[in-house]
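Please look over the sequence and the structure below before reading on. The paragraphs that follow start from a single residue and then widen to the chain as a whole.

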Amino acid sequence: GGGAGQSGAVPSSVFEKIRHHLLERSANGFGALSSSVRNADKGRKGYASPSEFRWVIREMGVTSLGEADIDRLISTFDVTQDGRVRIWDFKAAVRGDASLAPVREQALYDVWTALTGDPSAESVPISAVADVYDPSLLPKVKNQSWTHEQAVKDLLGFLGEETAIGEVNRASLFDFILDQSAAIPQDAHFL
């Protein structure tokens with residue numbers, strides 16, 4: 001059929017504009033993307049309406065996209081053309097998750113297993129994560145615009161409600177790590 005992947009395909013320059021904004025202009029890097037998506041999808045349905053998607057773009061502060069670019073994004077990520085924009089897929093595309101190096105993916109599971117002692121565990125105490133979190137390769141820590149403590153505070157802020165209850169689930173932790181690692185060169189050790 002004539003779905004989203006045809007003439008309305010999103011040029012890679014649109015994703016580059018979003019990445020550039022998040023890495024160069026946003027105070028919170030890829031965390032701004034995740035926070036916006038999480039706020040738009042409180043029920044964790046995996047999708048948003050077109051107006052909610054436009055809110056995500058505005059919330060991130062991306063002003064370099066025209067309406068035609070945003071319309072193409074909506075069309076592309078509304079895979080079934082039913083008004084449900086798959087915002088988690090959008091987030092993965094912006095972050096470049098499709099190109100996640102296998103070594104990084106394995107490292108995520110290795111860290112989880114080391115934290116929990118059980119690879120099938122669903123959650124871990126937030127204190128265990130904060131104790132072992134090493135943000136030293138993050139650009140903001142490397143250029144000394146953030147201290148180690150500020151980076152840990154960013155982690156706890158991102159996890160939000162999980163921090164309040166003292167437990168973090170695997171999906172939320174992986175999401176945070178993927179946001180952070182998206183700003184670290186592929187050849188660097190990121191965990």
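Leaving aside its neighbours within four places in sequence, which residues is L73 in contact with? In this predicted model, once those sequence neighbours are set aside, L73 touches V10, V14, F15 and I18, and also F53, I57, L65 and F90.

These contacts lead into the largest nonpolar core, which has 25 residues, and in which L73 belongs, together with I18, F53, I57, M60 and F90, to the residues that touch the most other members. Two or more residues of this core are supplied by each of α1 (12-25), α2 (30-40), α3 (50-60), α4 (67-77) and α5 (87-95). The largest share is that of α2, which gives five residues to this core. Apart from this core lies another one, made of 22 residues, including L108, V141, L155 and L178.

With the two cores located, the reader can turn to the order of the elements. The protein chain holds eleven helices and two strands, and, read from the N terminus, its elements follow the order α-α-α-α-α-α-β-α-α-α-α-β-α.

Some totals complete the picture. Of the contacts in the protein chain between residues at least 6 apart in sequence, 66% join residues at least 24 apart. The protein chain has 191 residues, of which 39% count as buried, and its accessible surface comes to about 9900 Å², with 53% of that area belonging to carbon and sulfur atoms.

Conventions: Residues are numbered from 1 along each chain as its sequence is written. This is a predicted model: local features need pLDDT of at least 70, side-chain atom pairs count only at pLDDT 80 or more; totals for chains, interfaces and linings use all residues. Side-chain values use heavy atoms; hydrogens and water are left out. A nonpolar core is a set of buried Ala, Val, Leu, Ile, Met, Phe, Trp, Tyr and Cys residues joined through side-chain atoms within 4.5 Å. Buried means under 20% relative accessible area, exposed over 50%, partly exposed in between (1.4 Å probe, protein chains only). Helices (H or I, at least four residues) and strands (E, at least two) are DSSP runs, numbered from the N terminus. Contact means heavy atoms within 4.5 Å. Accessible areas come from the Shrake-Rupley method with a 1.4 Å probe; for residues, only the protein chains shown count as cover.
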